[in-house]
Amino acid sequence: MKIFIVGLGLMGASYAEKLTLLGHEVHGFDQDEQVNFQAKLDRVILSSNLNELKDAELVILALYPKENVHFVEKHKKLFNQQLITDIAGTKTHLVKELLSILPETIRYVSHHPMAGREKKGYFNRDISMFNKANFLVVTTEKSTKEDIKMIKDLGEQMGFGRITELTPEAHDKLIAHTSQLTHLLAVGLMLSDDEVYTKFATGDSFRDLTRIAKINEDMWTELFIDNKEALVKQTDKFIEVLQKLKRDIIESDAETLKKELRTSKEKRLAFDDLKS
């Protein structure tokens, strides 16, 4: 299949490398000409010629949400009958905006690979992160059954694990809790630290919880604000739970605290059962 990838950062370049290894004809484009040159030199892509997008069977938008929209607006003449997908971390606003500017003949199935790294950019690409990761397929009014199957098949080819189909709204509600709130927690742990010797007193728990605080501030600022309604609701819900746990500790309510810790443990163990 002829595939064109827009954006060769961490995720776009990793997609390009994996899909090339799978035998697809992969072309790509990045705003950084040095990246385009290196990607061709590394044989990650065949070319960075934007005209190759015109007859690609699949176009993958691998930019930040707003940049995806700007790219399509700027290069609308290149889009005709391709299947379009994107890998952005928020969907509701992006899907609406893209549907409003894409030609009627375009098909569009969004998706979200639940994989990533703390470091960004072409030179940090890593195809191993796709192995057994969750893969969310986000349908739109421009999605046909055949196109949805094509994106699901793509996820399987790339080595993803569980594949789940969602609406844009359902996706953003889930992601607010499982991804965005977790990044906020990691950031909050680091920002609330005012001890000189913290780094000498950490164990695996603190390091694991704060790993994602090594954050791409440009991307995550956009994602937080783009999904603010769902994220604020999830944040309020979490604060409520934290306040309840705090009260149990203040009141030395050991029985209630044990019950809540046990419930938490059982919920988390269910994830491991699902994985196995």
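Helices H6 and H8 are oblique to each other, and that is a good place to start the tour. One thing to keep in mind while you click around: this is a predicted model.

**Stop 1: H6 and H8**

Select helix H6 (residues 168-191) and helix H8 (residues 217-226). Their axes come within 11 Å and cross at roughly 120°, so the pair falls in the oblique class. The crossing of H6 past H8 is left-handed. Now show the side chains where they touch: on H6, pick Ser-179, Gln-180, His-183 and Leu-184, and on H8, pick Trp-220, Leu-223 and Phe-224. Colour this contact by class and you get four nonpolar residues, three polar and no charged.

**Stop 2: H6 again, this time with H9**

Keep H6 on screen and add helix H9 (residues 228-250). How do the axes of H6 and H9 cross? They come within 9 Å of each other, at an angle of roughly 60°. H6 passes H9 in a right-handed crossing, while its crossing with H8 is left-handed.

For the contact, select Asp-172, Lys-173, Ala-176, His-177, Gln-180, Leu-181, Leu-184 and Leu-185 on H6. Their partners on H9 are Ala-230, Leu-231, Gln-234, Thr-235 and Phe-238. By class there are seven nonpolar, four polar and two charged residues here. Gln-180 and Leu-184 of H6 may look familiar, as they are also among the residues touching H8.

**Stop 3: Lys-91**

Next, go to Lys-91, in the loop between E4 and H4. Is this lysine buried or exposed? Its relative accessible area is 0%, so Lys-91 counts as buried. Beyond its neighbours within four places in sequence, Lys-91 is in contact with Asp-86, Ser-110, His-111, His-112, Val-138, Pro-168, His-171 and Asp-172. You have already met Asp-172, in the contact of H6 with H9.

For a sense of scale, draw a distance from Lys-91 to Gln-243: the C-alpha atoms are 31 Å apart, with the two positions 152 residues apart in sequence.

**Stop 4: helix H4**

Step along to helix H4 (92-101). Select its buried residues: Thr-92, Leu-94, Val-95, Leu-98 and Ile-101. What covers them? The cover includes E3, helix H3 (65-74), strand E4 (83-86), E5 and H6.

**Stop 5: the salt bridges**

Side chains of opposite charge can pair when their charged atoms come close. Across the whole structure, a search finds 14 salt bridges. Here are some to look at.

*Glu-104 and Lys-142.* The closest N and O atoms of this salt bridge are 3.4 Å apart. Glu-104 sits in the loop between helix H4 (92-101) and strand E5 (107-108), and Lys-142 in the loop between E7 and helix H5 (145-157), so the bridge ties together parts 38 residues apart in sequence. Glu-104 is exposed at 70% relative accessibility, whereas Lys-142 is buried at 18%.

*Glu-260 and Lys-244.* These side chains meet with N to O at 2.9 Å. Glu-260 belongs to helix H10 (residues 254-275) and Lys-244 to H9, so this bridge joins parts 16 residues apart in sequence. Both ends are partly exposed: Glu-260 has a relative accessible area of 23%, and Lys-244 comes in at 28%.

There is also a network to pick out: Lys-2, Glu-52 and Asp-55 are joined by salt bridges that share partners.

*Arg-125 and Asp-42.* Here the N to O distance is 3.6 Å. The two residues are 83 apart along the chain, with Arg-125 in the loop between strand E6 (110-113) and strand E7 (135-138), and Asp-42 in the loop between helix H2 (33-41) and strand E3 (58-61). Arg-125 is partly exposed at 22%, and Asp-42 is partly exposed too, at 32%.

**Last stop: Glu-141**

Finish in the loop between E7 and H5, where you'll find Glu-141. With a relative accessible area of 72%, Glu-141 is exposed. Draw one more distance, to Val-109: the two C-alpha atoms are separated by 8.8 Å, though the residues are 32 apart along the chain.

Definitions and conventions
Residues are numbered from 1 along each chain as its sequence is written. This is a predicted model: local features need pLDDT of at least 70, side-chain atom pairs count only at pLDDT 80 or more; totals for chains, interfaces and linings use all residues. Side-chain values use heavy atoms; hydrogens and water are left out. A salt bridge is a side-chain nitrogen of Lys or Arg within 4 Å of a carboxyl oxygen of Asp or Glu. Helices (H or I, at least four residues) and strands (E, at least two) are DSSP runs, numbered from the N terminus. Buried means under 20% relative accessible area, exposed over 50%, partly exposed in between (1.4 Å probe, protein chains only). Axes are lines fitted to C-alpha atoms, for helices over the stretch in contact, and angles run from 0 to 180 degrees between N-to-C directions. Angles under 35 degrees count as roughly parallel, over 145 as roughly antiparallel, 65 to 115 as roughly perpendicular and the rest as oblique. A crossing is left-handed if the near helix is turned anticlockwise from the far one by less than a right angle, and right-handed if clockwise. Contact means heavy atoms within 4.5 Å. Ala, Val, Leu, Ile, Met, Phe, Trp, Tyr, Cys and Pro count as nonpolar, Asp, Glu, Lys and Arg as charged, and the others, Gly among them, as polar.
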